[in-house]
Amino acid sequence: MQSVVYRGRIFWLWGDTMRLSYPLGNFRTACAWSELPGKGGLTPGQGADLHYYVGKDGFTKQMCPLDGKEGVVWLFGLCVVRDDAGEERLVAHYSRHGGLEKVFEHGIAIFNDEKEIFERAVELPLDEKWRFPRGRSRVRPMM
């Protein structure tokens with residue numbers, strides 16, 4: 001799980017999400033948002049009032065569909081940056097895998113606020129091992 005403050009709310013990201021009605025679930029990342037404490041959100045001791053991004057069927061939405069290509073998609077290195085106009089943009093490193101070992105592609109994805117999904121911004125060469133965000137960013141609002 002990763003979280004970051006984005007546009008005045010906390011944006012939450014998980015990897016795979018199981019589904020009781022089907023042996024497989026959502027393997028294209030699940031996400032939610034919550035209000036910040038002091039801005040209508042719960043205090044950390046109370047937990048988080050999560051608002052999940054859901055699909056038409058009510059189950060967690062595939063947040064990085066990558067044109068429906070085969071494999072599972074994971075997002076890492078969730079972070080907020082400013083674009084040329086000074087607007088906050090939510091970005092992450094994505095990777096699309098066939099199983100746990102085979103990597104089909106990886107690159108940088110940017111959150112599309114209107115569609116509420118991450119979209120491929122750039123695909124990196126498979127041998128690119130370091131020029132992308134990874135780990136977890138510090139949760140701190142941008143000024």
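Two strands pair if DSSP finds at least two bridges between them. Strands (E, at least two residues) and helices (H or I, at least four) are DSSP runs, numbered from the N terminus. The legends below describe a predicted model, in which local features need pLDDT of at least 70 and side-chain atom pairs count only at pLDDT 80 or more, while totals for chains, interfaces and linings use all residues. Residues are numbered from 1 along each chain as its sequence is written, and side-chain values use heavy atoms, with hydrogens and water left out.

**Figure 1. An open sheet of 4 strands has the order S1-S2-S5-S6.** The pairing in this sheet is antiparallel. Strand S1 (2-6) and strand S6 (51-52) are the edge strands, each pairing on one side only. S1 is joined to strand S2 (residues 9-14) by 5 bridges, and the two run antiparallel. Within this pairing, Val-4 stands opposite Phe-11 in S2. In a regular strand, side chains alternate between the two faces of the sheet.

**Figure 2. Phe-11 and Phe-111 form an edge-to-face aromatic pair.** Rings of Phe, Tyr and Trp (its six-membered ring) pair if their centres lie within 6.5 Å; planes under 30 degrees apart count as stacked, over 60 as edge-to-face and the rest as tilted. By this rule there are 8 aromatic pairs. For Phe-11 and Phe-111, the centres are 5.2 Å apart and the planes make an angle of 65 degrees. The pair links distant parts of the chain, since Phe-11 is in strand S2 and Phe-111 in strand S9 (residues 102-112), 100 residues apart. Phe-11 is buried at 2% relative accessibility, and Phe-111 is buried at 2%; buried means under 20% relative accessible area, exposed over 50%, and partly exposed in between (1.4 Å probe, protein chains only). Ring pairs link Tyr-6, Phe-11, Tyr-53, Phe-111 and Phe-118 into a cluster.

**Figure 3. Glu-35 is found in strand S5 (residues 30-35).** Glu-35 is partly exposed, with a relative accessible area of 29%. Its C-alpha atom is 6.1 Å from that of Ile-10, although the two residues are 25 apart along the chain. Apart from neighbours within four places in sequence, Glu-35 is in contact (heavy atoms within 4.5 Å) with Gly-8, Arg-9, Ile-10, Gly-40 and Gly-41.

**Figure 4. Cys-31 and Cys-64 form no disulfide.** A disulfide is a pair of cysteine sulfur atoms within 2.5 Å, and the count by this rule is 0. The sulfur of Cys-31 is 9.0 Å from that of Cys-64, its closest cysteine sulfur, which is too far for a bond. Cys-31 is buried, at 0% relative accessible area; Cys-64 is also buried, at 0%.

**Figure 5. S7 and S8 form a hairpin with 5 residues between them.** Strand S7 (residues 72-82) is mostly covered, as 8 of its 11 residues are buried. The link to strand S8 (residues 88-98) consists of 9 bridges, and the strands run antiparallel. Val-80 stands opposite Leu-90 in S8. In the turn, Gly-86 has a positive phi of about 85 degrees.

**Figure 6. The confidence of the model varies among its elements.** The predictor's confidence in each residue is given as pLDDT, from 0 to 100. The mean pLDDT of the protein is 85, and 85% of its residues reach 70 or more. Strand S4 (residues 22-26) has the lowest mean among the elements, 60, and strand S10 (residues 117-124) the highest, 95. Over residues 139-143 the pLDDT is below 50. Where pLDDT is low, the predicted coordinates should not be read in detail.
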